[in-house]
Structure formats: C-alpha cells, structure tokens
Amino acid sequence: DKHPLHNRWTLWFFKNDRHKTWNENQKQVTSFGFVEDFWALFNHIQPASKLPVGCDYSLFKEGINPMWEDPNNLKGGRWLITLDKTKRNLSMDSFWIETLLLLIGEGFDDDSDEVCGAIVQIRAKQDKLSVWTRTAVNKDACTNIGHRLKEALQIPENIQIAYQTHVDQEQKSSSMAKSTYVL
Ligand SMILES: CN(C)c1nc(=O)c2c([nH]1)N([C@@H]1O[C@H](COP(=O)(O)OP(=O)(O)O)[C@@H](O)[C@H]1O)CN2C
C-alpha cells in the first residue's frame with residue numbers, strides 16, 4: 001500500500017493575469033500525503049522550465065498559504081537562489097525536484113519543522129528558487145537549512161545565497177531586500 005509522507009503538502013500555481021489581483025492569481029492545484037501521489041502529480045504537470053514567464057509553482061505544507069501574510073510566514077523569510085535564464089533548461093528542473101524531495105522527505109534534519117515551503121519562479125531576467133522558513137531570528141535553524149539546500153543543489157561554495165525576511169522583502173525600496181544571512 002501507499003507510503004505516507006511525514007506531512008501533507010499542497011501544490012500552488014501562479015499565473016500572472018494582469019486583470020486579476022495577486023491573490024486571485026495564486027491557485028491551489030492539489031494536496032497529497034503519500035509518496036506515490038507526489039510522483040503521479042509531478043509526472044503529470046508541466047516542468048517548471050516550460051512554464052510561461054511570470055508563472056510560479058509553490059509547494060507548501062497543507063494549511064500554509066504561499067504568502068507573506070500567512071500566520072506561519074509572518075515572522076519568517078526565504079533562502080533565495082537566483083538562476084540565470086541561460087540555466088533554465090540546464091538546472092532549473094533538477095534544482096526544483098531536488099528541493100521538492102528535500103521538503104517532502106523532511107531532509108533538513110531537526111529543522112524540517114521550520115520549513116514552510118518552496119517556490120520556483122519563471123521570470124524574464126532571472127529565474128528564482130526559494131525556500132521559505134518560519135522564524136527568521138532562529139539563526140541556527142535558518143543557516144542549517146541554507147547549508148542543506150546548497151549541499152543538495154551542489155551550489156559551489158563561492159556562489160552566495162541570501163536569506164531575506166518577508167518583512168524586509170515587503171518593505172524593500174531598491175530591487176533587492178537586505179540580506180539577514182548569507183552563505
Ligand atoms: C497579499 N499580497 C498582495 C501579496 N502577498 C504575498 O505574499 C506576495 C505578494 N503580494 N507579492 C506581490 O507580487 C509582486 C512580485 O513578487 P514576486 O515574488 O513574484 O517577484 P517578481 O517581481 O515577480 O520577480 C510583489 O512585488 C508583490 O506585489 C509577492 N508575494 C510573495
């Protein structure tokens with residue numbers, strides 16, 4: 001019989017329809033709690049690298065919306081990995097599946113409870129992959145999650161990734177919010 005996951009997860013899809021609000025564009029696709037159902041879903045949908053520019057996939061724990069204002073995200077932030085669009089067909093999909101497997105496999109050791117979800121975003125200039133965590137001030141948990149992410153995605157030591165709080169991201173004035181942690 002089917003193999004249960006430690007958590008249930010919900011896949012969301014964002015398509016940038018200018019006539020709708022950001023919230024209206026954020027759609028739930030489905031939720032799952034078994035390994036077999038994850039693979040059936042993943043093998044059924046478009047790969048991230050094939051989505052139109054402006055689209056996102058988000059995989060969050062069931063009950064947590066992929067939005068700053070969700071109570072589980074209010075005090076948190078994200079590890080952000082930017083991908084040059086030339087890498088879209090090279091590493092985007094492998095980065096995304098590796099991140100998904102870390103999430104559903106609770107691959108962040110004791111800090112897996114700190115993880116809320118992950119988002120992959122197809123954009124004109126730079127694609128983005130982020131892992132959202134619950135509590136920005138939990139430095140040890142945040143940095144362990146960041147290390148595990150770099151390790152799983154085989155991101156070289158000299159390539160920096162940054163952690164930004166959602167509050168800083170919401171209130172950013174320049175193009176990039178300030179970084180709370182860098183690895
Ligand atoms: C409740 N609420 C409205 C709300 N709640 C949110 O949680 C939330 C937003 N709004 N977001 C809006 O999308 C724009 C692009 O962000 P982007 O991350 O797609 O980045 P790009 O500029 O499209 O690359 C953001 O500037 C923000 O306006 C983003 N976001 C996470």
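**Exercise 1. Describe the largest pocket and its lining.**

Start with volume. The largest pocket holds about 670 Å³. A pocket here is an open set of points on a 1 Å grid over the protein atoms alone, where a 1.4 Å probe fits, with protein on both sides within 12 Å along at least five of seven lines. The volume is the space filled by probe spheres set on the points.

Next, the lining. It has 27 residues, and R78, Q121, K128, Q169 and K172 are the closest to the pocket centre. Lining residues have an atom within 4 Å of a point.

Then assign elements. β3 (56–61), β4 (77–84), β5 (115–121) and β6 (126–133) each give two or more residues to this lining. The largest share, 4 residues, comes from β6. Strands are DSSP runs of E, at least two residues; helices are runs of H or I, at least four.

Finish with chemistry. The lining of the largest pocket divides into 11 nonpolar, 9 polar and 7 charged residues. Asp, Glu, Lys and Arg count as charged; Ala, Val, Leu, Ile, Met, Phe, Trp, Tyr, Cys and Pro count as nonpolar; the others, Gly among them, are polar.

The model is predicted: local features need pLDDT of at least 70, side-chain atom pairs need 80 or more, and totals for chains, interfaces and linings use all residues. Numbering runs from 1 along each chain as its sequence is written, and side-chain values use heavy atoms, without hydrogens and water.

**Exercise 2. Do the same for the second largest pocket.**

Its volume is about 340 Å³. Of its 19 lining residues, the closest to the centre are I81, T82, I155, I159 and Q160. β4 and α3 (88–104) give two or more residues each. β4 gives the most, with 5. By class, the lining has 12 nonpolar, 5 polar and 2 charged residues.

**Exercise 3. Is T143 buried or exposed, and what does T143 contact?**

Locate T143 first: helix α4, residues 139–152. Its relative accessible area is 17%. The cut-off for buried is under 20%, and for exposed over 50%, with a 1.4 Å probe and protein chains only. T143 is therefore buried. Leaving aside neighbours within four places in sequence, T143 is in contact (heavy atoms within 4.5 Å) with W79 and L183.

**Exercise 4. Characterise the whole fold.**

Count elements: 5 helices and 8 strands. From the N terminus they run β-α-β-α-β-β-α-β-β-α-β-α-β. Contacts with a separation of 6 or more are 68% between residues 24 or more positions apart. Of the 183 residues, 48% count as buried.
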